[in-house]
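Thanks for coming, everyone. I'll keep this brief. Have a look at the model first, then we'll walk through it.

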Amino acid sequence: MTLVKLGDRNVFLKREDQNPSGSHKAYAARNYVEHLRDTRWFESGRGTLVLCSSGRHAQAFAKQTEGENVDIIVVSDVLSSPILLDELTACEHVAIDRPLINDPDSTGSHIRARLKRSHILEQTQLRAIFVDQYSDPILAQGYEKYLVPQMIEQAGGEIGGIFAPAGTGGLVNGIVRYREKVGGRWPIFAADAEGSALFRTPPAGSKRRLPGFGNGIKTQLIAEVSSKVVPVWVTDVEAVAGCYHLLERGVYVGPSSGATAAAYLQVIQNAPKFVATDKPIVLVMPDAGDAYRSTVYDAIWLRKNGFVPTVLPALTA
């Protein structure tokens with residue numbers, strides 16, 4: 001973990017970019033693949049895993065299934081990182097479903113269309129399983145079993161709270177599962193996009209511009225724990241500003257990580273009494289910024305999407 005100063009306090013960043021698959025999704029994929037091995041699914045003939053993913057979820061499964069008797073089909077959309085999709089294409093047992101989904105709902109989300117296509121593929125492919133990262137408890141259990149205990153141990157064995165991106169729900173669900181198992185009382189703050197539907201109906205007219213941050217539907221994994229976490233809504237501008245705030249401290253991360261940092265700064269500014277000062281606070285950083293070179297870290301994209309000069313006045317020069 002990395003210790004940095006955010007605001008007037010030092011916090012631990014649980015950086016997941018050093019996972020073999022490049023993100024925290026490795027824990028969920030590891031647990032799911034172990035489940036398939038335990039049930040001897042790979043031994044029953046070549047099968048297919050259908051993944052609805054903008055990149056990191058599929059990337060983790062691609063890494064965990066190397067050498068296994070399986071093919072992976074990834075259902076993605078036009079907002080997904082082209083860098084991540086190109087990396088997936090290089091994996092021999094992975095195929096990107098084409099054309100990419102381009103059927104947004106009123107909020108700009110493609111998730112409903114992606115899920116519909118995923119279910120069609122599950123029904124038409126031989127020995128296919130749709131690995132639903134929005135509802136499958138096996139994925140959440142991966143965070144409970146592997147990530148959270150490791151994170152607490154690295155922080156010294158006792159923590160005062162965790163900030164994590166809401167994501168698809170698996171990470172937050174797994175953190176809650178672990179806290180309940182050990183009888184912990186520390187708060188869990190879930191950073192979510194202002195235009196996301198995970199915890200509430202999005203404000204009228206709100207749309208999400210950042211890949212991998214927020215969701216167009218309320219997922220089952222979030223619904224199960226929504227009353228047990230504190231949601232913190234972060235605007236797209238705040239999320240990008242969070243990325244550059246961390247970059248100034250030598251930490252190169254993606255938009256959900258930037259949003260998590262922004263959520264932390266928002267809480268300590270507006271409600272500091274809810275954040276312990278005598279115990280370590282941990283912020284989960286899901287992935288590095290390399291996959292977002294063409295978006296969050298690209299001056300042209302920032303200008304085109306209205307982030308400059310609001311976020312980075314220096315880039316207007």
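Where is the place of Arg127? Arg127 sits in the loop between α4 and β6. Keep in mind that this is a predicted model.

Let me stay with that residue. Phi of Arg127 is near 50 degrees, so a positive value, in a residue that is not glycine. Most residues other than glycine have a negative phi. Is Arg127 buried or exposed? Neither label fits: with 26% relative accessibility, Arg127 counts as partly exposed.

Arg40 also has a positive phi. The value for Arg40 is near 60 degrees, and again the residue is not glycine. Look for Arg40 in the loop between α1 and β3. Arg40 has a relative accessible area of 52%, and therefore it is exposed, since the cut-off for exposed is over 50%.

One more backbone point. Which residue does a cis peptide bond join to Pro99? The partner is Arg98, with omega at about -5 degrees. Pro99 belongs to the loop between β5 and α4, residues 111-124. For context, most peptide bonds are trans.

On to the sheet. Four strands form an open sheet in the order β5-β4-β3-β6, and the pairing is parallel. At the edges are β5, residues 94-96, and β6, residues 128-131, each pairing on one side only. On average, neighbouring strands here are turned by 25 degrees against each other, ignoring direction.

Now zoom in on β3. Strand β3, residues 47-52, pairs with strand β4, residues 70-75, in the parallel sense over six bridges. Two partners to pick out: Leu49 bridges to Ile72 in β4, and Cys52 bridges to Val75 in β4.

How many residues of β3 are buried? Six of the six, so β3 is largely enclosed by the rest of the structure. In a regular strand the side chains alternate between the two faces of the sheet. You can follow that here. Gly47, Leu49 and Leu51 point one way from β3. Thr48, Val50 and Cys52 point the other way. Both sets are buried.

Next, a helix pair. The axes of α8, residues 236-247, and α9, residues 255-270, come within 7 Å and cross at roughly 95 degrees. That angle makes α8 roughly perpendicular to α9. By class, the contact has eight nonpolar, five polar and one charged residues. Which residues meet there? From α8 we have Glu238, Ala239, Gly242, Cys243, His245 and Leu246. From α9 come Pro255, Ser257, Gly258, Ala259, Ala261, Ala262, Leu265 and Gln266.

Last stop: Glu16. Glu16 lies in the loop between β2, residues 9-15, and α1, residues 25-38. Is Glu16 buried or exposed? Its relative accessibility is 1%, so Glu16 counts as buried. The threshold for buried is under 20%.

What does the Glu16 side chain pair with? One polar contact, at 2.7 Å, goes to the side chain of Lys14. Another, at 2.5 Å, goes to the side chain of Asn19. Beyond its neighbours within four places in sequence, Glu16 is in contact with Gly22, Ser23, His24 and Tyr27, and also with Leu147, Met285 and Pro286.

That's the tour. Questions, please.

Terms used:
Residues numbered from 1 in each chain as written. Predicted model: local features only at pLDDT ≥ 70, side-chain atom pairs only at ≥ 80, totals over all residues. Heavy atoms only, no water. Helix = DSSP H or I, 4+ residues; strand = E, 2+ residues; numbered from the N terminus. Buried < 20%, exposed > 50% of the residue type's maximum accessible area, 1.4 Å probe, protein only. Polar contact = N/O pair within 3.5 Å; in protein donor to acceptor, adjacent residues only side chain to side chain. Contact = heavy atoms within 4.5 Å. Axes fitted to C-alpha atoms, helices over the stretch in contact; angles between N-to-C directions. Parallel < 35°, antiparallel > 145°, perpendicular 65-115°, else oblique. Nonpolar A, V, L, I, M, F, W, Y, C, P; charged D, E, K, R; others polar. Pairing = 2+ DSSP bridges.
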